[in-house]
Amino acid sequence: MNQKLSAAELAPSRSDDRNSLSKDALRRAFLDRLCYSQGKFSGLATRNDYYLALAYTIRDRMLQRWISTAAAYTVQGARTVSYLSAEFLMGPHLGNNLINLGIYDEVQQTIAELGLDLDDLLAQEEEPGLGNGGLGRLAACFIDSLATLQIPALGYGIRYEYGIFHQQIVDGRQVEKTDKWLRFGNPWELPRPEWTQEVKLGGSTEQYIDELGRLRVRWAPAKTVVGMPYDTPIAGYKNNTANTLRLWRAEATEAFDFETFNRGDYAGAVSKKITSENLSKVLYPNDETLQGKELRLEQQFFFVSCSLQDMLRILKGQQLPIERFHEKFAVQLNDTHPAIAVAELMRLLVDVHVMPWDEAWAVAQRTFGYTNHTLMPEALERWPLELFKSVLPRHLEIIYEINARFLDEVRLRFLGDDARAARLSLIDESGERYVRMAHLACVGSHTINGVAALHSELLKQDVLKDFYELWPHKFTNVTNGVTPRRWIVLSNPRLTKLISESIGEDWIRDLDELRRLEPFANNADFRERWRQIKHANKLDFARIVQHKTGITVDPHSMYDVQVKRIHEYKRQHLNVLHIVALYHRIKSNPNIEITPRTFVFGGKAAPGYHLAKLMIKLITAVGDVVNRDPQVRDRLKVVFVPNFSVTNGQWIYPAADLSEQISTAGKEASGTGNMKFQMNGALTIGTLDGANVEIREQVGDENFFLFGLSTEQVYALQARGYRPLDWYEKNPELRAVLDLIRNGFFSRGDTELFRPLVDGLLHHDPYLLLADYESYVECQDEVSEVFRDSERWTKMAILNSARSGMFSSDRSIRDYSRNIWRAKAVPVDLLSPDEIKAGLLQ
């Protein structure tokens, strides 16, 4: 930044420089922040200084909305949604905030006039890795939509010091590195030390008679930690609402033991600080060890207890009686991680606030809603009973009492059905005893929802069948959605411009408006512009791929993309089998006509998940061979993009031609990547799994590439006795593909490297890859044929995007608000700086 500044710009800032959205005010505020927040001038400022100065400039504008929002909610005593989630994968804040404030173009021009590039500053932001994948990204989309729809809401979670690991690919293998997202600070958050909460852990309980003669229970903890809240404002799209994301950081009650230090025990003097801070140190510690399990349980209880105590603080501040807790707060449990909230609210109501049990239970059941996110029984959290007792002794007593009363109800309803009672019990007694957290969530919640129509039906038929038969009225569906602000407007500005020029900008708030694009699918000029935009996005992504991997890809080829968490049920290895099949065809007939494809993979494997990490190695090993074989002649390329994240997704989704949604039918709860691809005009190849079913219903059968067994067929095949070797033996191409891998062709002759994967497929294949292989490959041949007809492909792409309105997270939040939370919008009037300073709340 070498531009000479005017005297006016060097003068003291004006009163509106912290809230005005004009270019002049933004320019002055940016320079003011560079000087007075960063202590730098242009000769010394780094790119990070410029980023931070801009971030603080934008945050100032959000704070005016934040304070105005808090004032409106307080005055109106608004019912508030409290969204409890162990993950919030927010993505970078700056770009999204510029979009939602409606000042992206103004800021871009202002920064350019100062000789800087906004893209460079956006790239400077460290992405908060506070989530593992779909669960955390869904929470982030929901909190964006809550603010856009002006629904009073608080997002509660953990401020992990180190987020999901940073993935590097070394020798084709995943290597986990520490995610130091806080190394340069976080300009978007504000610590709130005045609202800290104490959390007890371990110890024992004892009964006593209080001064009024009441029998009560006292919890004598082994240790106590402090939760410090850090608040981040979440702006709604072009309105005055800014809701709060409140994340908790664990601290010691006493960070430094002076007496211990003076005795010469320097490590001991800070041991409590280290132990306490471990609670919020890392997202999802490895829980293969007993210590890991204990830390993970402590983490979950820590943020839940802090959050519930914080709600009680708010209730008291608004002078509302505790009996009305459920009227003030609608608490949503995002999967089973926060399920301990049911027992903790009972403890707070009964033990601390001396509310009678029946009255407290009525409040608790009217407070909580439970969202289930899985169809896999092993993913429903449960804790060894002895471990649970050692960490949360009082809560185990409370769960015993809840369970005893619940099973009395079950026995009355299903007389003599002891097997059903055992299946429904909150305690698994079938072997080693466990506390079943999903059962606790079901019993303690007024509503239980799945996240896609198929998923919700399968919950009722299988995973939670007994609960459905007991309480069918509790069950409902809310199909997931994603925010179009981040996943189209911010990620795909070229497409945004085309759509807005064609149908106006209302679609950004109401994605159903995209239906108005349908007639344009028959317009040749519009289709040509659509193709030009897709090609430009593919060029951008090709440059990213070259920079990150060194691989050159052809933007004229089909970008065939599968980016998601690496897991056997998501079947990235089925995709690889198809790549090897195409490669085998080329080797067998070098002149065969093959539609050029670039296969793009991305995703992280859990550090302890050996087979998933081996799948990454297989992808990269096949890519190493295919990419350098001269006979392929660049008709196939295989790319693994390291460290898949929100940031990388913003490049990938707009560039994709084909979206791979190929999980085994009946295994994926919903998926949200499928929706992001669809919104950006990618076509889907997929099974009838998760939200794929609804996507196909929306876009039409003719605009979706369907393959594979249905859920019913999967169950039937497994019931008959699935023998994968039969499929291997009767399909020559499949046999050749697996033999190439097994015989070491892609592992430099090492026949042992991929043996666990191949043997697993041939002898077990729990996710039916071999059963679906032939259907998948035939469907891919159809994909290739359609792609060669660019006019037909483009028309299908436009219709996919035009029919994606149902998959906006705005629609999801409307469904939750109407059917589960009973929450209403509260419009916010923007307070002037003078009103804020004067403390005027009306």
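How are α2 and α3 oriented to each other? The axes of the two helices cross at roughly 125°, so α2 and α3 are oblique to each other. This is a predicted model. The points below cover that helix pair and then an open sheet of 6 strands.

**Helix pair α2 and α3**
- Helix α2 spans residues 23-36, and helix α3 spans residues 47-76.
- Their axes come within 8 Å.
- The crossing of α2 past α3 is right-handed.
- On the α2 side, the contact is made by Ala25, Leu26, Ala29, Phe30, Arg33 and Leu34.
- On the α3 side, the contact residues include Asp49, Tyr50, Ala53, Leu54, Tyr56 and Thr57. Ile58, Arg59, Asp60 and Arg61 of α3 also take part.
- By class, this contact has 10 nonpolar, 5 charged and 1 polar residues.

**Open sheet**
- The strand order is β20-β19-β18-β21-β22-β23, and the pairing is parallel.
- Strands β20 (636-641) and β23 (705-706) form the edges. Each of these pairs on one side only.
- Strand β19 (residues 597-602) runs parallel to β20, and 6 bridges join the two.
- Gly602 stands opposite Val641 of β20.

**Helices on the sheet**
- Helix α25 (residues 610-628) packs on the sheet and touches β19 and β20. The direction of α25 makes about 145° with that of β20.
- Helix α34 (residues 790-802) also packs on the sheet. Helix α34 touches β21 (658-661), β22 (683-686) and β23. The direction of α34 makes about 85° with that of β22.

Notes:
Residues are numbered from 1 along each chain as its sequence is written. This is a predicted model: local features need pLDDT of at least 70, side-chain atom pairs count only at pLDDT 80 or more; totals for chains, interfaces and linings use all residues. Side-chain values use heavy atoms; hydrogens and water are left out. Axes are lines fitted to C-alpha atoms, for helices over the stretch in contact, and angles run from 0 to 180 degrees between N-to-C directions. Helices (H or I, at least four residues) and strands (E, at least two) are DSSP runs, numbered from the N terminus. Angles under 35 degrees count as roughly parallel, over 145 as roughly antiparallel, 65 to 115 as roughly perpendicular and the rest as oblique. A crossing is left-handed if the near helix is turned anticlockwise from the far one by less than a right angle, and right-handed if clockwise. Contact means heavy atoms within 4.5 Å. Ala, Val, Leu, Ile, Met, Phe, Trp, Tyr, Cys and Pro count as nonpolar, Asp, Glu, Lys and Arg as charged, and the others, Gly among them, as polar. Two strands pair if DSSP finds at least two bridges between them.
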